[in-house]
Amino acid sequence: MATPQNPTNPTGAVRSLMTELGKGAFWAVLIRGILAVLFGILLLVAPAAMAVALGIWVGAWLIVDGVFEITHALQARKQNLSWGWELAAGIAYVIGGVIIMIVPLTFAVMGGTVILLMMASGMLIRGILSVASKSFKGWSKALGVLDIIFGVIMFIVVFSNPGAALLALVWIIAIYTIVFGIFLIVMAFVGRSHTKQAFGND
C-alpha cells in the first residue's frame, strides 16, 4: 500500500487555526478596548458635545425607523391588512426623531434624569424588600438600609440639583468605560501572549 507523499497533519492544522483565531481575537478585543477608552475620554473632556451627538444619533435612528414603519403600513394597506396603528407609530417616530434632533441636549438631559430616577427607585425598592424580607439577616439587612439611604439621597440630589447629578453620572460612566477599555486592551495582549506560548510564533 503506497504511503501518501504529503500526509495530513492534524496538529499543524489545529495550530494554524488557533493562531489565526488568536490573531483575529486580539485585534477585535484591542480595537474594542481602544474605542472604549477614547469614548470615556471624550465623555470627560466634552460631555455636552457627546450628549448632543447621542441625541442626534437617537433622533436619526427614530426618523429612519419611522420611515420604514410608514412604508410598511402603506404596503399593508394595499394588501388590505391592518395598517392604521403602524402608520400612526411611524409618524410618531418621525416627529419624535425630528424634535430630538432639534433639541438633542435637552433630550440627553431628560434621558439622563430618567436613568437616575430609575436607579434611585431600584435602590429604594431593593432596600425596602431586603429590610422587610425574613430571608435576609445581618449584613443583608445592613445593605438594604444602605440601599434605602442612598436611594433617598439620589432622589434629593436629582430634584434639588439635577445638573450636578447628571454630571456625576457622566463621570461615573466615563471612568467605568475607560477602566473597561484598559481591561480589554490588557486582556488582548495577555490572550495573544498565551496563544504564542501554546502554539508558537508564525
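Where in the chain does Asn-80 lie? The exercises below, each with a worked solution, concern a predicted model.

**Exercise 1. Place Asn-80, decide whether it is buried or exposed, and describe its phi angle.**

Step 1. In the predicted model, Asn-80 belongs to the loop between H2 and helix H3, the latter spanning 84–102.

Step 2. The relative accessibility of Asn-80 is 73%, and because exposed means over 50%, Asn-80 counts as exposed.

Step 3. As background for the backbone, most residues other than glycine have a negative phi. Asn-80 is a residue other than glycine, yet its phi is positive, near 60°.

**Exercise 2. Describe the overall make-up of the protein: which elements does it have, and what percentage of its residues is buried?**

Step 1. Counting the elements gives six helices and zero strands, and reading along the sequence gives the pattern α-α-α-α-α-α.

Step 2. Of the 202 residues in the protein, 23% are buried.

Step 3. Among the contacts with a separation of 6 or more, 76% are accounted for by residues 24 or more positions apart.

**Exercise 3. Work out how H2 and H4 are arranged relative to each other, and which residues make the contact.**

Step 1. Two packed helices are described by the angle between their axes and the distance between the axes. For H2 and H4, the axes come within 7 Å and cross at roughly 95°.

Step 2. Angles of 65 to 115 degrees count as roughly perpendicular, and H2 and H4 are therefore roughly perpendicular to each other.

Step 3. On the H2 side, the contact is made by Ala-48, Ala-51, Val-52, Gly-55, Ile-56 and Val-58, while H4 contributes Pro-104, Leu-105, Phe-107 and Ala-108.

Step 4. Sorting the residues of this contact of H2 with H4 by class gives nine nonpolar, one polar and no charged.

**Exercise 4. Follow Gly-55 through its surroundings, and state whether Gly-55 is buried or exposed.**

Step 1. Gly-55 lies in helix H2, and because its relative accessibility is 0%, it counts as buried.

Step 2. Once residues up to four places away in sequence are set aside, Gly-55 touches Ile-100, Pro-104 and Phe-107.

Step 3. Leu-105 is 50 residues from Gly-55 in sequence, although the C-alpha atoms of the two are 6.5 Å apart in space.

Step 4. Thr-106, which lies in helix H4, is 51 residues from Gly-55 along the chain, with 8.4 Å between their C-alpha atoms. Thr-106 itself has a relative accessible area of 43% and is partly exposed.

**Exercise 5. Characterise the largest pocket: what is its volume, and which helices supply its lining?**

Step 1. Rolling a probe the size of a water molecule over the atoms shows where empty space is left. The largest pocket holds about 510 Å³ of space.

Step 2. The lining comprises 19 residues, and those closest to the centre of the pocket are Ala-51, Leu-54, Ala-108, Gly-112 and Val-170.

Step 3. At least two lining residues come from each of helix H1 (10–45), helix H2 (47–78), helix H4 (104–132) and helix H6 (162–199), and H4 has the largest share, with seven residues.

Step 4. By class, the lining of the largest pocket consists of 16 nonpolar, three polar and no charged residues.

**Exercise 6. Do the same for the second largest pocket: which residues line it, and which element gives the most?**

Step 1. The volume of the second largest pocket is about 220 Å³.

Step 2. Its lining is formed by Leu-116, Met-119, Phe-150, Ile-153, Met-154, Val-157, Val-158, Ala-165, Ala-168, Leu-169 and Ile-172.

Step 3. Two or more of these residues are given by each of H4, helix H5 (139–160) and H6, with H5 giving the most, five residues.

Step 4. The lining of the second largest pocket has eleven nonpolar, no polar and no charged residues.

**Exercise 7. Assign Thr-177 and Arg-126 to their helices and to an accessibility class.**

Step 1. Thr-177 is placed in helix H6, and with a relative accessible area of 11%, under the 20% limit, Thr-177 is buried.

Step 2. Apart from neighbours within four places in sequence, Thr-177 is in contact with Ala-36, Val-37, Phe-39 and Gly-40.

Step 3. Arg-126 is found in helix H4, and its relative accessible area of 47% makes Arg-126 partly exposed.

Step 4. Between Arg-126 and Val-145, which are 19 residues apart in sequence, the C-alpha to C-alpha distance is 9.6 Å.

Key
Residues are numbered from 1 along each chain as its sequence is written. This is a predicted model: local features need pLDDT of at least 70, side-chain atom pairs count only at pLDDT 80 or more; totals for chains, interfaces and linings use all residues. Side-chain values use heavy atoms; hydrogens and water are left out. On a 1 Å grid over the protein atoms alone, a cavity is a set of points where a 1.4 Å probe fits but cannot get out, and a pocket is an open set with protein on both sides within 12 Å along at least five of seven lines; lining residues have an atom within 4 Å of a point. Grid points are joined across faces, edges and corners, and a volume is the space filled by probe spheres set on the points. Helices (H or I, at least four residues) and strands (E, at least two) are DSSP runs, numbered from the N terminus. Ala, Val, Leu, Ile, Met, Phe, Trp, Tyr, Cys and Pro count as nonpolar, Asp, Glu, Lys and Arg as charged, and the others, Gly among them, as polar. Axes are lines fitted to C-alpha atoms, for helices over the stretch in contact, and angles run from 0 to 180 degrees between N-to-C directions. Angles under 35 degrees count as roughly parallel, over 145 as roughly antiparallel, 65 to 115 as roughly perpendicular and the rest as oblique. Contact means heavy atoms within 4.5 Å. Buried means under 20% relative accessible area, exposed over 50%, partly exposed in between (1.4 Å probe, protein chains only).
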